[in-house]
Amino acid sequence: MSYYEKYPTLQIEGYDDSAWQGWEAITARLRARTGQRTVLVIDCYPGVRLAELEENLLSALNPALVINAEQARLDESALHQLLARNLTDDRVFGVLSCHQLSEFIDPQKLHALKEQVSNAPDGLIVIYGPGAALVHPGDVLVYADLPRWEIQQRMRSGELDNWGAENQSEDMLRRYKRAFFVEWRVFDRHKTPLLKRADFLLDTTLADNPAMVTGDALRAGLKQTTQQPFRVVPFFDPGVWGGQWMKQKFDLDPSAPNYAWCFDCVPEENSLLLRFGAVRIEIPSQDLVLLEPRALLGEKVHARFGAEFPIRFDFLDTIGGQNLSFQVHPLTEYIQQQFGMHYTQDESYYILEAEPGAMVYLGTKTGTEPQAMLDNLRSAGRGEQPFDDARFVNQIPAKKHDHFLIPAGTVHCSGAGTMVLEISATPYIFTFKLWDWGRLGMDGLPRPVHLDHGEKVIDWQRDTQWVHQHLVNQVEPIAEGEGWREERTGLHEREFIETRRHWFSAPVVHHTHGGVNVLNLVEGDRAIVDSPSGAFAPFTVRYAETFIIPADVGEYRISPSGETSGKPLATIKAWVRG
């Protein structure tokens with residue numbers, strides 16, 4: 001049996017009567033807020049099922065006037081022309097959008113909708129859909145939200161197009177690209193000020209099972225979240241190289257072919273579950289980042305990254321699977337100039353588990369001629385021969401608790417037989433595949449290879465000697481006491497993330513030092529995180545679970561659970577280096 005918690009939930013105190021479940025209860029609450037003439041605005045994140053709103057909420061409210069704000073949106077052709085530079089012709093990579101939602105709206109159509117509202121008779125006026133608050137600020141404002149992972153599932157099932165496009169026939173990589181580079185950026189900018197003043201948040205994640213919470217309770221709940229340890233909701237995904245370890249260890253669907261990824265701490269895409277009394281509200285964990293960035297991240301991290309969570313923890317499972325794609329990540333200047341991102345995907349592989357003979361591919365072999373390797377990769381890409389990885393790439397044995405550092409520009413991949421905790425900077429989409437072992441993707445299409453990008457960013461000086469000297473198990477003792485030992489395990493000086501490993505058989509006091517901490521229990525069944533001053537309730541963490549300690553928490557303590565067998569436990573902790 002797995003003890004890994006797949007649906008971690010925070011209980012919010014003081015707001016037990018501030019949330020409602022189901023359309024009937026939600027309708028009754030909104031009806032109680034209407035007067036002789038009330039404008040009810042229901043603004044929506046793209047992907048919200050508008051038909052469900054219409055059938056279950058709007059018809060029950062019986063408004064005098066109903067306006068779908070999407071009537072004012074530019075048509076598909078105009079949107080495509082506006083976004084062509086951001087979307088590019090590439091299947092995977094676009095350019096990060098700086099657009100405002102108002103740019104996607106026809107000014108004349110918007111004016112006409114505003115006139116309808118001004119001229120409407122007394123009664124309830126409902127304006128709904130993405131961008132509804134552009135028509136009217138609302139006497140009562142509801143924001144209907146859902147997480148990005150749910151949006152992706154709706155896209156994959158064929159239910160959902162990109163916003164303003166009819167493109168269900170387009171492959172998933174291109175649709176995800178449009179959402180990642182454009183839609184989610186634009187709508188996060190739009191919703192942030194709305195969430196700060198919304199009267200209600202409507203959780204539309206589960207079909208026909210909505211939940212709603214007052215804006216005051218939501219904002220208080222997010223504030224409470226920044227005062228305690230918490231976990232976001234992990235999600236799991238199969239892949240062509242995926243393994244079987246997570247399926248067994250985390251009690252996942254046994255009928256799935258494999259699980260390649262677990263996004264255990266990617267607040268940009270994960271959910272956050274908050275319980276208000278008997279009602280559970282699911283929101284994008286990005287909402288916490290957008291509304292409480294200083295308390296969550298700390299002053300220095302917020303000043304450097306803005307409302308963006310810069311650390312990512314995820315799992316890569318190749319136990320019973322295959323090698324990852326052979327890849328490289330862009331240098332900082334390259335990702336800035338080509339894609340509009342302000343920092344790049346530096347990362348590391350921490351080995352949670354490994355089968356005998358497992359290895360990590362890291363850096364080029366000493367004496368490698370760059371052109372010879374590139375020619376060999378191009379020949380492999382044309383199907384003329386397999387890539388001669390044994391000739392060009394270091395293959396380094398990997399065992400449990402090894403830590404491999406991977407600054408951008410370093411060629412790398414995890415081999416079969418490893419369970420990797422990947423600790424990295426957040427821009428995870430920017431992987432330039434150089435060789436994919438001749439495979440097709442899960443969709444039956446060739447997986448994209450970006451050798452033209454990759455060859456421009458490979459650091460050829462990262463050869464055998466350099467890799468072993470700088471990137472493999474750079475473990476440095478820091479301090480120790482009775483029942484504990486602290487070690488620095490990375491990352492490389494080019495990477496902004498610092499990591500420490502703590503071995504402990506007794507309680508150990510930690511401190512955020514004003515910056516967000518992200519941790520994972522990499523050894524032991526479970527541990528307890530509590531506050532020496534009693535500032536928050538004790539929090540249980542289990543093996544392989546990633547948890548976040550907000551900057552505002554300050555001092556916290558990690559102790560072995562009373563159920564442990566007395567063997568040493570270990571956490572890996574990451575934070576933004578000052």
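This is a short walk through two sheets and the helices that pack on one of them.

Okay, hi everyone. One thing up front: what you're looking at is a predicted model.

Let's start with the mixed sheet. It's an open sheet of 7 strands, and the order across it goes β2-β8-β7-β6-β3-β5-β4, with mixed pairing. At the edges sit β2, residues 19–21, and β4, residues 65–68, and each of those pairs on one side only. From one strand to the next, the twist averages 15 degrees.

Now zoom in on the β2 edge. β2 and β8, which is residues 211–214, run antiparallel and are joined by 3 bridges. If you want a spot to click on, take Q21: its bridge partner in β8 is A211.

What packs on this sheet? Helix α8, residues 215–225, does, and it touches β7 and β8. The direction of α8 makes about 85 degrees with that of β8. Then there's helix α7, residues 172–197, lying across β3, β6 and β7. Relative to β6, α7 runs at about 135 degrees.

Right, on to the other sheet. This one is open too, with 6 strands in the order β22-β23-β24-β31-β26-β29, and here the pairing is antiparallel. Which strands are at its edges? Those are β22, at 476–481, and β29, at 546–549, each with pairing on one side only. Ignoring direction, neighbouring strands in this sheet are turned by 25 degrees against each other on average.

Inside that sheet, have a look at β24, residues 497–504, and β31, residues 569–576: 8 bridges join them, and they run antiparallel. To find your way in, pick T499, whose bridge partner in β31 is A574.

That's my tour, thanks.

Technical notes: Residues numbered from 1 in each chain as written. Predicted model: local features only at pLDDT ≥ 70, side-chain atom pairs only at ≥ 80, totals over all residues. Heavy atoms only, no water. Pairing = 2+ DSSP bridges. Helix = DSSP H or I, 4+ residues; strand = E, 2+ residues; numbered from the N terminus. Axes fitted to C-alpha atoms, helices over the stretch in contact; angles between N-to-C directions. Contact = heavy atoms within 4.5 Å.
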